[in-house]
Amino acid sequence: VQLVEGGGGLVQPGESLTLTCIASGSIGTSDMGWYRQAPGKQREFVARIDSNLRADYLESVNGRFTIARNDAQNTINLNMNRLKPNDTALYYCHLAVEDTWGQGTQVTVSS
């Protein structure tokens with residue numbers, strides 16, 4: 001299974017973006033996640049959702065970001081609200097069962 005992310009872009013602080021990850025095959029019951037990597041920093045966990053729709057979030061995004069999955073369409077989304085400059089990063093989708101990563105989509109938050 002390959003993963004392709006989209007939806008990144010340049011926004012101002014306080015604005016919103018929705019990232020989408022499309023899998024080329026079935027995601028089955030795998031946990032799915034979003035991670036991000038800012039320049040000069042290590043990749044960090046952002047959000048994860050399991051097949052029972054239980055979600056976990058990085059503390060700094062909890063209440064602002066929402067992860068969702070559509071198993072019929074093999075997609076996951078990350079709805080990001082009230083974006084801040086320190087949310088700027090390359091965002092990656094992750095398929096846990098195969099440890100597969102997408103190529104990333106850039107999110108830049110700047111005035």
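How many bridges join strand β1 to β3, and in which sense do the two strands run? There are 4 bridges between β1 (residues 3-6) and β3, and the strands run antiparallel. Two strands count as paired if DSSP finds at least two bridges between them. Strands themselves are DSSP runs of E, at least two residues long, numbered from the N terminus.

This is a predicted model, in which local features need pLDDT of at least 70 and side-chain atom pairs count only at pLDDT 80 or more, while totals for chains, interfaces and linings use all residues. Residues are numbered from 1 along each chain as its sequence is written, and side-chain values use heavy atoms, with hydrogens and water left out.

Start with β3. Across from it in β1, G6 stands opposite T20. β3 (residues 17-23) also pairs with β8 (residues 75-80). That pairing is antiparallel and has 6 bridges. Two pairs mark the register: L19 has L78 as its bridge partner, and L17 has M80.

The two faces of β3 contrast. L17, L19, C21 and A23 make up the covered face. T18, T20 and I22 make up the uncovered one. In a regular strand the side chains alternate between the two faces of the sheet.

Now step from β8 to β7. β7 (residues 65-70) pairs with β8 over 6 bridges, again in the antiparallel sense. F65 stands opposite M80. The two strands form a hairpin with 4 residues between them. In the turn, N74 has a positive phi of about 55°.

Next, the interior. A nonpolar core is a set of buried Ala, Val, Leu, Ile, Met, Phe, Trp, Tyr and Cys residues joined through side-chain atoms within 4.5 Å. Buried means under 20% relative accessible area, exposed means over 50%, and partly exposed lies in between (1.4 Å probe, protein chains only). The largest nonpolar core has 26 residues. Those touching the most other members are M32, W34, V46, F65, L78, M80 and Y91. Seven elements are listed as giving two or more residues to this core: β3, β4 (32-37), β5 (44-49), β7, β8, β9 (89-95) and β11.

V46 shows how these parts meet. Contact here means heavy atoms within 4.5 Å. Leaving aside neighbours within four places in sequence, V46 is in contact with W34, Y35, R36, D56, Y57, L58, V61, F65, L78 and Y91.

What joins C21 to C93? A disulfide does, with an S to S distance of 2.1 Å. C21 sits in β3 and C93 in β9, so the pair links distant parts of the chain, 72 residues apart. The link is left-handed, with -80° about the S-S bond. A disulfide is counted when two cysteine sulfur atoms lie within 2.5 Å. A search of the whole structure finds 1. Both ends are buried: C21 has 1% relative accessibility, and C93 has a relative accessible area of 0%.

Charged side chains come next. A salt bridge is a side-chain nitrogen of Lys or Arg within 4 Å of a carboxyl oxygen of Asp or Glu. The count comes to 6. R36, E44, R64 and D87 are linked in a network of them.

Take the network link by link. E44 and R36 meet at 2.7 Å, N to O. E44 is partly exposed, at 32% relative accessible area, whereas R36 is buried at 5%. D87 also forms a salt bridge with R36, with the closest N and O atoms 3.0 Å apart. D87 lies in the loop between β8 and β9 and R36 in β4, so this pair ties together parts that are 51 residues apart in sequence. The side chains of D87 and R64 meet as well, at 2.8 Å, N to O. R64 lies in the loop between β6 (55-57) and β7, so its pairing with D87 ties together parts 23 residues apart in sequence. D87 is buried, with a relative accessible area of 0%. R64 is buried too, at 5%.

Finish at T105, in β11 (residues 105-109). T105 is buried, with a relative accessible area of 10%. A polar atom of the T105 side chain lies 3.1 Å from the backbone nitrogen of G8. Not counting residues up to four places away in sequence, T105 touches E5, G6, G7, G8, L19, A89, L90 and Y91.

How values were computed: A polar contact is a pair of N or O atoms within 3.5 Å; within protein, one must be able to donate a hydrogen and the other to accept it, and residues adjacent in sequence count only if both atoms are side-chain atoms.
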